[in-house]
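Please look over the sequence and the structure shown below before reading on. The briefing takes one helix and then a set of charged side chains.

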Amino acid sequence: MAHSDIDPAVPPRRRIGALALIRNPHGDVLLVKPRYKHAEAKQGWQLPGGGAHAGEAIAAAAVREVKEETGLTVTISHVLVVDQVPASEDGSSAEGFNFVCDGGRLTEEEAATVAIPEGARGELSAVEWVPMGQLDDLAFPYQAARVRMAVRAAESRMALPLLLHGEAASA
């Protein structure tokens, strides 16, 4: 979802973010660099994802956002971590919850296809495979902590199934 879909004059009372942890065979994490804030900063890289639309399932939102931002088609059925985010001090964004979903590990061939689709070039400046050792250099501390916790959950097989009205929700 492009952030232009949200009216800053009337932000939602709570945001629901659907993000995806996607790794390559080496364990590097797929991150995107938004243009809309911190564009000139070295830090500001984050997991692909964005806001779920009203009535949209978390799994479906994560799949849609990953496709929009990276061109990848992933299957989402589990959540790794939920990160509650307070409202911004300047009032530009409401408090919310970010669901970091397990987007899986790609093959070398799949990982090589990752690119910013034409429709996302206005929103994103770059997409990269980032080794865990470089995470602190490129992501803000809270983003890096979110990624590390999601990786730990994935490696410990601690993912929780996403449900939609009591049924397995997979997209």
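What follows is a short briefing on a predicted model, grouped by topic.

**Helix α1**

- Helix α1 covers residues 58-70, which makes 13 residues.
- At 1.5 Å a residue, α1 should span 18 Å, and its end C-alpha atoms are 18 Å apart, so the expected span and the model agree.
- Of the 13 residues in α1, 10 are buried, and the helix is therefore described as mostly covered.
- The buried residues include Ile58, Ala59, Ala61, Ala62, Val63 and Val66.
- Charged residues also appear among the buried ones, including Arg64, Glu65 and Glu69.
- Which strands do the buried residues of α1 pack against? They pack against β1 (15-23), β2 (29-34), β3 (49-51), β5 (96-105) and β6 (124-130).
- Just after α1 comes Gly71, which takes a positive phi of about 85°.

**Salt bridges: the count and a network**

- Side chains of opposite charge can pair when their charged atoms come close.
- How many salt bridges does the model have? The count comes to eight.
- Glu56, Arg64, Glu65 and Glu68 are linked in a network of salt bridges.
- Within this network, the side chains of Glu56 and Arg64 meet in a salt bridge, with N to O at 2.8 Å.
- Is Arg64 buried or exposed? Arg64 has 16% relative accessibility and counts as buried, because buried means under 20%.
- Its partner Glu56 has a relative accessible area of 21% and is partly exposed, because this value lies between the 20% limit for buried and the 50% limit for exposed.

**Two other salt bridges**

- Asp136 forms a salt bridge with Arg148, and the closest N and O atoms are 2.8 Å apart.
- This pair links distant parts of the chain: Asp136 lies in helix α3 (residues 135-138) and Arg148 in helix α4 (residues 141-155), with the two 12 residues apart.
- Asp136 is partly exposed, with a relative accessible area of 45%.
- Arg148 also counts as partly exposed, at 28% relative accessibility.
- Arg121 and Glu118 meet through their side chains in another salt bridge, with N to O at 3.3 Å.
- Arg121 is partly exposed at 41% relative accessibility, whereas Glu118 is exposed, with a relative accessible area of 64%.
- Glu118 counts as exposed because its 64% is over the 50% limit.

Technical notes. Residues are numbered from 1 along each chain as its sequence is written. This is a predicted model: local features need pLDDT of at least 70, side-chain atom pairs count only at pLDDT 80 or more; totals for chains, interfaces and linings use all residues. Side-chain values use heavy atoms; hydrogens and water are left out. Helices (H or I, at least four residues) and strands (E, at least two) are DSSP runs, numbered from the N terminus. The expected span of a helix is 1.5 Å times one less than its number of residues. Buried means under 20% relative accessible area, exposed over 50%, partly exposed in between (1.4 Å probe, protein chains only). Contact means heavy atoms within 4.5 Å. A salt bridge is a side-chain nitrogen of Lys or Arg within 4 Å of a carboxyl oxygen of Asp or Glu.
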